[in-house]
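Here is a walk through one protein chain, from its overall make-up down to a few side chains. Keep the structure open while you read.

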Amino acid sequence: MGAGTYARYALGGVVVVLLLALLLGQLLGQPLLLTYVQTDSMSPTIEPGDGYIVLPSSVTGGVSEGDIVLYEAQEFDGGGLTTHRVVGETDEGYITKGDNNPFTDQDGGEPPVQEGQVVGVALQVGGGPVTIPWLGVLVTTVRGLVTAVVGALLGIVGLEAAGGGAVGIVAIVAGLLMLLASVLLSGQRPSRSYNRRRGSFVLRGEVLTVLFVLAVLVPANASMVIPGGTAEYTVISSENPAEDDAVRPGGTLELRYTVQNSGFVPLHAVVEPASSGVRVDQRQLSVPFQGSASTGVELQIPEQPGTYARYVHEHRYLGILPGPWIATLHRVHPLVALGVINVVIAAVVAAVTLYTVGTGRVRLRSRAREESAGNRLRDALRRE
């Protein structure tokens with residue numbers, strides 16, 4: 001393959017990753033790589049409707065003063081995802097503020113932001129965030145169209161009441177992205193890849209291999225990323241613990257954290273504290289397929305009565321590697337563990353696919369054409 005072919009592969013991969021991150025992030029309600037702001041609280045740094053690149057705090061080396069973070073607010077502006085700048089740090093958490101706001105979020109009633117509330121950190125270059133003008137308008141339009149189309153399709157097949165609308169949208173988006181990848185990577189126009197006379201599609205073996213790899217990697221990563229994340233515990237401490245399910249100040253609250261595995265592949269889970277005042281008994285859990293595993297979690301209660309939030313973060317990895325290997329990779333970095341698992345999965349799927357279909361051109365014949373050809377052959381034999 002020449003430089004042009006490799007460039008098409010690289011371009012196709014980048015486009016697919018960005019589109020997948022953007023659409024899935026919006027459809028799942030959990031921004032991935034790209035997100036946007038809806039208010040003017042960060043103006044003029046980030047204008048309403050502008051998008052920006054958001055990275056996990058683990059990638060950026062944690063959160064520090066001056067960072068623009070996307071976090072799950074509890075009280076400020078009704079709660080929900082908020083994009084504001086970190087302007088200070090205390091023993092209780094981070095102090096945040098919109099660049100266009102005259103007061104901090106904590107002055108507005110939001111408790112100090114804990115590590116477990118931070119979804120990601122905005123990528124900054126030259127002292128400012130990397131923004132994408134009008135991304136929010138584009139995303140809102142696309143999301144509305146996709147939701148309407150998929151809702152109509154699910155209604156036709158009678159699945160609108162199955163509670164799987166989001167799953168259906170994700171599946172269709174993934175299929176469209178894989179189709180886009182095939183067009184980009186093949187370097188052919190769709191009209192040329194289809195032979196009308198023979199009723200068949202012609203694709204290179206490498207393109208089919210990429211499609212099969214994507215078809216496996218998308219659900220594999222969804223099974224690791226979507227069920228995990230941060231769990232929040234709200235603790236109310238009071239001098240009268242019998243009232244309102246409260247606990248006594250200065251004590252501890254012991255709970256059980258359970259990891260469920262409804263899939264058919266074993267899991268390796270890492271459960272870690274994501275805020276102060278949390279201790280996890282056993283951080284490494286091996287979860288069998290169709291089974292569960294649990295660990296003890298101890299929440300420390302401050303001396304002062306009040307309501308406190310405590311967080312625990314769960315990382316999930318498919319158990320295709322030995323547990324100690326995954327634990328070692330996780331200690332280096334969670335993305336390193338995910339990356340190695342993805343490389344192993346992709347290598348196995350690619351090897352099997354290439355061994356099966358080869359690297360030449362593969363003709364995918366239409367079943368209707370094959371049946372028509374068979375009928376013509378039978379008619380010819382009868383006439384003879």
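Where in the chain is the place of Q290? It sits in the loop between β16 (284-287) and β17 (291-300). Before going further, bear in mind that this is a predicted model.

## Two backbone oddities

Most residues other than glycine have a negative phi, and most peptide bonds are trans. Q290 goes against the first habit: its phi is positive, about 55°, although it is not a glycine. With a relative accessibility of 47%, Q290 counts as partly exposed.

The other habit is broken at S43 and P44, which are joined by a cis peptide bond with omega at about 0°. P44 is also a loop residue, found between β1 (33-36) and β2 (51-55).

## The chain as a whole

The protein chain holds nine helices and 19 strands. It has 384 residues, and 39% of them count as buried. Its accessible surface comes to about 20800 Å², with 59% of that belonging to carbon and sulfur atoms.

How do the contacts spread along the sequence? Take those between residues at least 6 apart: 62% of them join residues at least 24 apart.

## Two nonpolar cores

Which residues touch the most other members of the largest nonpolar core? They are Y257, V259, V271, V312, Y317, I341 and I345, out of 34 residues in that core. Helix α8 supplies the largest share, six residues.

Y257 makes a good place to look around. Setting aside neighbours within four places in sequence, Y257 is in contact with A231, Y233, V271, A293, S294, T295, V297, V312 and E314. There is also a second, separate core of ten residues, with V63, A73, V86 and V118 among them.

## Helices α7 and α8

Start with α8, which runs over residues 334-357. Its 24 residues should span 34 Å at 1.5 Å a residue, and the end C-alpha atoms are indeed 34 Å apart, so the two values agree. The buried residues in α8 are P334, A337, L338, I341, N342, I345, V349, A350 and T353. Two of these, I341 and I345, came up above among the core residues that touch the most other members.

In α7 (residues 323-332), the buried residues are I326, A327, L329 and H330. They cover an arc of only 165° around the axis, so they lie on the same side of α7. The other side of α7 has P324, W325, R331 and V332, which are exposed. And what covers the buried residues of α7? The cover includes β14 (267-273), β16, β18 (306-318) and α8.

## Salt bridges

How many salt bridges does a search of the whole structure find? It finds four. Side chains of opposite charge can pair when their charged atoms come close. Three residues, R279, D281 and E298, are linked in a network of salt bridges. D281 and R279 meet through their side chains at 3.1 Å, N to O, while the closest N and O atoms of R279 and E298 are 3.6 Å apart. R279 lies in strand β15 (residues 278-280) and E298 in strand β17, so this pair ties together parts that are 19 residues apart in sequence.

Are the members of this network buried or exposed? R279 is partly exposed, at a relative accessible area of 40%. D281 is partly exposed too, at 45%. E298 counts as buried, because its relative accessibility is 15% and the cut-off for buried is under 20%.

Another salt bridge pairs E314 with R316, whose closest N and O atoms are 2.4 Å apart. Both E314 and R316 are buried. E314 has appeared here already, as one of the contacts of Y257.

## Around V278

V278 is found in strand β15, the strand that also holds R279. At 13% relative accessibility, V278 counts as buried. Its C-alpha atom is 6.3 Å from that of Q300, although V278 and Q300 are 22 residues apart in sequence.

What does V278 contact once neighbours within four places in sequence are left aside? The list is P273, V297, E298, L299, R310, Y311 and V312. V297 and V312 are also contacts of Y257, and E298 is part of the salt-bridge network described above.

Key. Residues are numbered from 1 along each chain as its sequence is written. This is a predicted model: local features need pLDDT of at least 70, side-chain atom pairs count only at pLDDT 80 or more; totals for chains, interfaces and linings use all residues. Side-chain values use heavy atoms; hydrogens and water are left out. Helices (H or I, at least four residues) and strands (E, at least two) are DSSP runs, numbered from the N terminus. The expected span of a helix is 1.5 Å times one less than its number of residues. Buried means under 20% relative accessible area, exposed over 50%, partly exposed in between (1.4 Å probe, protein chains only). A nonpolar core is a set of buried Ala, Val, Leu, Ile, Met, Phe, Trp, Tyr and Cys residues joined through side-chain atoms within 4.5 Å. Contact means heavy atoms within 4.5 Å. Accessible areas come from the Shrake-Rupley method with a 1.4 Å probe; for residues, only the protein chains shown count as cover. The arc is that of the directions from the helix axis to the C-beta atoms.
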